[in-house]
Amino acid sequence: MKDEPEILARAVVTECADCDICRFLMDTSCLFFPELYRLWDREKDTGEKITSGQLRALVDRCNFCALCPCPPVREKILRAKGAFIERDGLPGSVRVLEDVALMGRVCGTFPRLTQAVFRHGGLSRAARRVLGIHGQRTLPAFPKIDFFRWAEKQGLCRRPSAKTGRNVAYFAGCTAGYLFPEVAQAAVGVLQACGVAVWVPPQRCCGMPTLLEGDRKQTLRSVRENLQTLAAAVSAGFDIVCSCPTCGYFLRTLLPEGAYYTQAYQQSVGAGARHIMVPDSSPRSTSEPVRSFHRYDRAIYDTLFKDEGIFSGIDAMQRISVAEATQDLGAYLLHLSEEELRFSAFSGGSGRILYFPPCHQREQKIGRPYESLLSRIEGLRLEPIHGELYCCGMAGIMGFKAAFHDASLQLGRRLMEKIRKIQPERIVTDCLSCRLQFEQCLSYPVRHPVEMIRDAMQTGH
Ligand code: SF4
Ligand code: SF4
């Protein structure tokens with residue numbers, strides 16, 4: 001039977017109302033749970049049923065920051081969102097906005113015209129209305145040349161034959177690719193300076209923005225294309241490296257969900273008829289295959305452990321091979337030796353920087369690689385943000401949308417206040433979506449840690 005969106009959304013409401021943990025745990029870090037409990041309490045107190053429209057608006061409040069404790073509940077919220085979109089359709093403005101690559105290519109081809117349109121009062125209002133962008137949302141400047149065109153000119157898009165040594169297929173992601181090419185260039189520069197051979201393979205959006213919008217068709221299209229290229233890269237001896245924590249989270253964590261339960265995987269690890277072998281989910285920070293397993297009794301768990309998420313129609317072994325070969329750039333650099341990655345002392349300010357570990361970096365459970373790397377730069381004084389429940393609130397393209405803009409600022413307020421109290425010289429974060437929100441809400445310069453690393457290396461080599 002086709003998924004009924006209301007039934008799917010209602011099931012989440014009932015499950016979380018029964019459990020109740022997130023009523024208090026997530027009351028300041030998430031817009032979804034306070035609304036869920038408000039609707040639930042009202043229904044209980046007054047008998048007023050939660051309507052279809054309210055369920056739809058409720059699931060739209062989840063920005064998939066992954067801060068809440070139950071991945072299966074997040075998956076159900078996404079399924080409900082997807083079912084609403086499949087039945088009711090996606091607004092045209094969202095379809096344009098979610099295609100960051102298209103926006104980047106069009107606006108980047110005519111950067112001056114784009115800036116002029118968005119600076120001109122009347123034109124800007126009209127353009128924002130068409131695209132569904134909030135009037136107060138600061139728009140990024142589109143670069144004259146995006147990273148992919150730059151990489152093409154540098155000869156980085158031709159696949160080198162993977163030689164002995166370190167070989168990386170660099171997955172830049174759309175935000176660095178089309179809005180902040182300097183970050184992707186810094187990543188390439190650092191890797192090359194460390195003796196790593198870098199290839200920029202053909203790539204589409206990782207799929208997270210469309211997944212967040214509930215656009216399953218577009219998500220699957222992007223994922224299938226990327227998987228084909230990336231799986232071939234892995235077979236040819238390349239590690240896949242992401243400088244964007246959201247792309248990394250998507251490829252390493254979301255893509256393989258459920259794939260480990262499939263017959264193909266179970267056979268590949270020699271699970272017998274009586275057990276299901278599930279790899280230990282302890283942090284993976286290198287491309288070493290996972291080797292330790294939990295064993296579950298098949299008689300009990302066979303019906304529970306299933307590959308039935310959004311990606312279940314895609315070859316499970318391909319999903320696993322790409323996920324396990326993918327690494328966060330920070331984690332990859334941390335595993336280079338101190339000989340390969342040498343820093344000179346920081347110069348150019350007091351060196352008092354605040355490092356914000358973004359939600360999707362924390363959720364990858366790889367520790368804090370950039371904190372370790374930056375702390376090796378003499379003269380930098382690192383002010384890390386402690387506490388797991390801080391979120392900037394931007395949520396990728398959701399923060400641009402007229403309907404989500406105010407909520408996005410509200411969600412990020414706690415973090416902004418904390419940063420203002422610290423008063424750093426600059427903010428460093430690996431998430432470019434957070435960077436956009438920081439640039440909108442605060443007055444401190446913002447950089448990606450790999451830019452800091454590149455600068456520290458440049459002076460030292
Ligand atoms: S997300 Fe999980 S922990 Fe939170 S209320 Fe729902 S079931 Fe409970
Ligand atoms: S993923 Fe984030 S926004 Fe969605 S329910 Fe969990 S905490 Fe809330």
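This is a short guided tour of the structure, one selection at a time.

**Before you start**

The model is predicted, so its local features need pLDDT of at least 70 and side-chain atom pairs count only at pLDDT 80 or more, while totals for chains, interfaces and linings use all residues. Residues are numbered from 1 along each chain as its sequence is written, and chains are lettered from A and ligands numbered from 1 in the order in which they are written.

**Stop 1: the whole chain**

Show the chain as a cartoon. You can find 24 helices and 10 strands in it. Here helices (H or I, at least four residues) and strands (E, at least two) are DSSP runs, numbered from the N terminus. The chain has 461 residues, and 43% of them are buried. A residue is buried if 20 or more other C-beta atoms lie within 10 Å of its own, exposed if 12 or fewer, and partly exposed in between, with C-beta atoms placed from the backbone. Now think about contacts, where two residues have C-beta atoms, placed from the backbone, within 7 Å. Of the contacts between residues at least 6 apart in sequence, 76% join residues at least 24 apart.

**Stop 2: ligand 1**

Select ligand 1 and the residues near it, meaning those whose C-beta atom, placed from the backbone, lies within 6 Å. You should see Glu 15, Cys 16, Cys 19, Ile 21, Cys 22, Cys 68, Pro 69, Cys 70 and Val 73. Two elements, H1 and H2, each give two or more residues to this shell. Which of them gives the most? H1 does, with 3 residues. Colour the shell by class: 8 residues are nonpolar, none is polar and 1 is charged. In this scheme Ala, Val, Leu, Ile, Met, Phe, Trp, Tyr, Cys and Pro count as nonpolar, Asp, Glu, Lys and Arg as charged, and the others, Gly among them, as polar.

**Stop 3: Asp 20**

Next, pick Asp 20, in the loop between helix H1 (5–19) and helix H2 (21–25). Its phi is positive, about 75°, although Asp 20 is not a glycine. Is Asp 20 buried or exposed? Asp 20 counts as exposed because it has 11 C-beta neighbours inside 10 Å.

**Stop 4: ligand 2 and Ala 66**

Move on to ligand 2. Around ligand 2 are Met 26, Cys 30, Phe 32, Phe 33, Cys 62, Asn 63, Phe 64, Cys 65, Ala 66, Leu 67, Cys 68 and Arg 74. This shell has 10 nonpolar residues, 1 polar and 1 charged. Cys 68 is worth a click, as it is listed around ligand 2 and also around ligand 1.

Now zoom in on Ala 66, which sits in the loop between helix H4 (52–60) and helix H5 (71–88). Ala 66 is a residue other than glycine with a positive phi, near 70°. Its 18 C-beta neighbours inside 10 Å are why Ala 66 counts as partly exposed.

**Stop 5: where H1 meets H4**

Show H1 and H4 together. Their axes (lines fitted to C-alpha atoms, for helices over the stretch in contact) come within 10 Å and cross at roughly 65°, with angles running from 0 to 180 degrees between N-to-C directions. H1 is therefore roughly perpendicular to H4; angles under 35 degrees count as roughly parallel, over 145 as roughly antiparallel, 65 to 115 as roughly perpendicular and the rest as oblique.

Which residues meet here? Glu 6, Ala 9 and Arg 10 in H1 meet Ser 52, Leu 55, Leu 58 and Val 59 in H4. By class, this contact has 4 nonpolar, 1 polar and 2 charged residues. Within H4, the buried residues are Leu 55, Leu 58, Val 59 and Asp 60, and they pack against H1, helix H3 (32–46) and H5.

**Stop 6: Tyr 355**

Jump along the chain to strand E7 (residues 352–356), which holds Tyr 355. Tyr 355 is buried because 21 other C-beta atoms lie within 10 Å. Leaving aside neighbours within four places in sequence, Tyr 355 is in contact with Tyr 370, Glu 371, Leu 374, Leu 382, Pro 384, Val 428 and Thr 429. Add Arg 447 to your selection: Arg 447 and Tyr 355 are 92 residues apart along the chain, and their C-alpha atoms are separated by 9.6 Å.

**Stop 7: Thr 138**

Finish at Thr 138, in the loop between helix H9 (121–131) and helix H10 (147–153). Thr 138 and Leu 436 are 298 residues apart in sequence but 8.1 Å apart in space, C-alpha to C-alpha. Beyond its neighbours within four places in sequence, Thr 138 is in contact with Glu 439 and Gln 440.
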